[in-house]
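Q: I am new to this structure and would be grateful for a close look at a single part of it. Please describe one helix in detail, together with its surroundings.

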Amino acid sequence: MKHRIKKRKLSRCTEHRLSMLKNLSISLINHEQIITTLPKAKELRPYVEKFITIAKNKNTLHGRRLLLSRLHNNKLVVDKLLNVLASRYQDCKGGYSRVMKFSTRKGDCASMAVIELVNRDVTARGKVCDKNKEENEVAMKS
């Protein structure tokens with residue numbers, strides 16, 4: 001019997017699975033919409049919703065440090081969570097993301113899904129990544 005087993009293993013060891021989910025959540029917060037496999041999307045939803053809840057309820061130094069420790073010290077993503085997404089979802093009590101079935105992948109027939117933030121900014125694709133690239137180019141020139 002599978003008592004007290006809630007999560008999917010996704011055919012990965014624990015460290016790899018947690019790192020993958022953190023990376024997927026960083027991408028989702030950056031772009032506000034990503035395409036991935038259906039089991040990964042269903043497993044990713046609670047992670048992202050917990051991050052948005054922390055940003056919304058604990059907009060303090062402690063909340064910032066919690067998010068930094070859980071999102072690979074990515075300051076740009078944490079700033080977006082605290083400044084943009086926390087104010088956007090201030091009135092919502094949950095349900096910040098949605099998963100929609102997309103199609104099947106051509107190579108291995110895996111079921112694909114689109115996971116996106118509700119009330120997302122359509123022009124948000126790649127904004128944070130572009131800032132990263134600009135900072136890296138300035139650092140390389142110096």
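A: The bend at a residue is the angle between two fitted axes, one for the seven residues ending there and one for the seven starting there. In this predicted model, helix H2 bends by about 30° at Leu44. A proline, Pro46, follows Leu44 within four residues.

Helix H2 is the part examined here, and it covers residues 38–57. Its 20 residues reach 29 Å from the first C-alpha to the last, close to the 28 Å expected at 1.5 Å a residue.

H2 belongs to a protein chain with 5 helices and 3 strands. Along the sequence, these elements follow the pattern α-β-α-α-α-β-β-α. Of the 142 residues in the protein chain, 37% are buried. Among contacts in the protein chain with a separation of 6 or more, 60% join residues 24 or more positions apart.

The buried residues of H2 begin with Leu38, Lys40, Ala41, Glu43 and Leu44. Further along, Val48, Glu49, Phe51, Ile52, Ile54, Ala55 and Lys56 are buried as well. An α-helix has 3.6 residues a turn, so residues three or four places apart point the same way. The partners of the buried residues of H2 include three helices: H1 (14–31), H3 (61–70) and H4 (75–88). They also pack against the strands S1 (33–37), S2 (97–104) and S3 (111–117).

One residue of helix H2 deserves individual attention, namely Phe51. Because its relative accessible area is 5%, under the 20% limit, Phe51 counts as buried. Leaving aside residues up to four places away in sequence, Phe51 touches Ser25, Leu67, Arg70, Leu71 and Leu81. Phe51 and Leu67 are 16 residues apart along the chain, and their C-alpha atoms are separated by 6.9 Å.

Two of the helices that H2 packs against, H3 and H4, also pack against each other. Two packed helices are described by the angle between their axes and the distance between the axes. For H3 and H4 the angle is about 135°, and the axes lie 9 Å apart. H3 is therefore oblique to H4. The crossing in which H3 passes H4 is right-handed. On the H3 side, the contact is made by Arg64, Leu67 and Leu68. On the H4 side, the residues involved are Lys75, Val78, Asp79, Leu81 and Leu82. Leu67 thus takes part in the contact with H4 and also touches Phe51.

Helix H4 bends too, by about 35° at Leu81. The end C-alpha atoms of H4 are 19 Å apart, which agrees with the 20 Å that its 14 residues should span at 1.5 Å a residue. Leu81 is one of the buried residues of H4, along with Val77, Val78, Lys80, Leu82, Leu85 and Ala86. Leu81 is also among the residues that Phe51 touches.

Two loops among the neighbouring elements complete the picture. Most residues other than glycine have a negative phi, and most peptide bonds are trans. Glu32, in the loop between H1 and S1, has a positive phi near 65°. Glu32 counts as buried because its relative accessibility is 1%. His72, in the loop between H3 and H4, likewise has a positive phi, near 55°. At 41% relative accessibility, His72 counts as partly exposed.

Key. Residues numbered from 1 in each chain as written. Predicted model: local features only at pLDDT ≥ 70, side-chain atom pairs only at ≥ 80, totals over all residues. Heavy atoms only, no water. Expected span 1.5 Å × (residues − 1). Buried < 20%, exposed > 50% of the residue type's maximum accessible area, 1.4 Å probe, protein only. Contact = heavy atoms within 4.5 Å. Axes fitted to C-alpha atoms, helices over the stretch in contact; angles between N-to-C directions. Parallel < 35°, antiparallel > 145°, perpendicular 65-115°, else oblique. Left-handed = near helix turned anticlockwise from the far one by under 90°.
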